[in-house]
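This briefing is meant to be read beside the sequence and the model, with a finger on each residue as it comes up. It goes from the ligand site to individual residues and then to pairs that are separated along the chain.

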Amino acid sequence: MTRTIYILNGPNLNLLGKREPEIYGHETLDDVAAACAAIGAEAGLEVRLLQSNWEGQIVDWIHEAREKAAGIIINPAALTHTSVAVLDALNTFEGPVIEVHISQVHKREPFRHHSYVSKRADAVMAGFGVQGYALAMRHMGAILG
Ligand code: CA2
């Protein structure tokens with residue numbers, strides 16, 4: 001049985017820590033990967049953190065996760081609010097799915113209040129900053145044992 005967690009990140013999150021720190025903070029995706037790998041190691045879980053600006057690439061990684069991952073942590077970024085394709089792909093994945101948003105999307109513009117991905121996610125984090133990824137990893141450790 002695989003012990004890998006896929007941490008998938010959608011459009012523009014490659015800019016994390018480099019733009020708009022007042023909303024998204026100063027830490028980069030590399031910092032997130034390092035923090036999550038350390039937490040995963042405590043629970044015997046490996047981490048594969050990926051980011052793409054392309055919807056189809058996110059869908060392909062979700063398909064890959066069907067064979068290679070025990071769980072998915074996903075920040076779909078703007079695809080959260082638009083993508084039935086990402087939702088359909090996640091519906092084919094059998095393990096736990098945790099949706100993470102760095103910002104508290106419900107305090108922001110109304111178009112950020114709806115999430116297609118939440119129709120599948122087993123848990124949703126919003127407004128914890130990048131710490132949300134680490135908290136999601138701890139929860140993966142707890143439920144996957
Ligand atoms: O709060 C989140 O994590 C979001 O998923 C981030 C998305 C946004 O569209 C969602 O509504 C909420 C935007 C990601 C853009 O990432 C950037 C990071 C740093 C600088 C600029 C953009």
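In what follows, a residue is called buried when its relative accessible area is under 20%, exposed when it is over 50%, and partly exposed in between, as judged with a 1.4 Å probe and the protein chains only. This is a predicted model, in which local features need pLDDT of at least 70 and side-chain atom pairs count only at pLDDT 80 or more, while totals for chains, interfaces and linings use all residues. Residues are numbered from 1 along each chain as its sequence is written, and side-chain values rest on heavy atoms, with hydrogens and water left out. Helices (DSSP runs of H or I, at least four residues) and strands (runs of E, at least two) are numbered from the N terminus.

**The ligand and its surroundings**

- The ligand sits in the largest pocket, where a pocket is an open set of points on a 1 Å grid over the protein atoms alone, with room for a 1.4 Å probe and with protein on both sides within 12 Å along at least five of seven lines; a molecule sits in one if more than half of its atoms lie within 2 Å of its grid points.
- Around the ligand there are 17 residues, of which Asn75, His81, Ile102, Ser103 and Arg112 are the closest; to be counted as near, a residue needs a heavy atom within 4 Å of the molecule.
- Sorted by class, this shell holds 9 nonpolar, 5 polar and 3 charged residues, with Ala, Val, Leu, Ile, Met, Phe, Trp, Tyr, Cys and Pro taken as nonpolar, Asp, Glu, Lys and Arg as charged, and the others, Gly among them, as polar.

**Polar contacts to the ligand**

- A polar contact is a pair of N or O atoms within 3.5 Å; within protein, one must be able to donate a hydrogen and the other to accept it, and residues adjacent in sequence count only if both atoms are side-chain atoms.
- Ser103 places a polar side-chain atom 2.6 Å from an oxygen atom of the ligand.
- The backbone also takes part: a backbone N or O atom of Ala78 is 3.5 Å from a ligand oxygen, and a polar backbone atom of Asn12 is 3.4 Å from an oxygen atom of the ligand.
- Of the 510 Å² of accessible area that the ligand has on its own, the protein covers 95%, with areas taken from the Shrake-Rupley method and a 1.4 Å probe.

**Buried side chains with polar contacts**

- Asn75 belongs to strand 3 (residues 71-75) and counts as buried because its relative accessibility is 3%; its side chain reaches the backbone oxygen of Val100 at 3.5 Å.
- Thr80 lies in the loop between strand 3 and helix 4 (84-90) and is buried, with a relative accessible area of 1%; a polar atom of the Thr80 side chain lies 2.5 Å from the backbone oxygen of Ala77.

**Positive phi angles in one loop**

- Most residues other than glycine have a negative phi.
- Asn12, in the loop between strand 1 (4-9) and helix 1 (21-24), has a positive phi near 75°.
- Glu20, also found in the loop between strand 1 and helix 1, has a positive phi near 45°, and counts as partly exposed because its relative accessibility is 42%.

**Pairs separated along the chain**

- Ile5, in strand 1, is buried at 0% relative accessible area, and its C-alpha atom is 6.1 Å from that of Glu46, which is 41 residues away along the chain.
- Leu90, in helix 4, is likewise buried at 0%, and lies 18 residues from Ile72 in sequence and 8.9 Å from it in space, C-alpha to C-alpha.
- Ala35, in helix 2, is partly exposed at 35%; its C-alpha atom is separated by 8.9 Å from that of Gln131, 96 residues apart along the chain.
- Leu29, found in helix 2 (residues 29-42), counts as buried at 10% relative accessibility, and is 90 residues from Lys119 in sequence and 26 Å from it in space, C-alpha to C-alpha.

Definitions and conventions: On a 1 Å grid over the protein atoms alone, a cavity is a set of points where a 1.4 Å probe fits but cannot get out, and a pocket is an open set with protein on both sides within 12 Å along at least five of seven lines; lining residues have an atom within 4 Å of a point.
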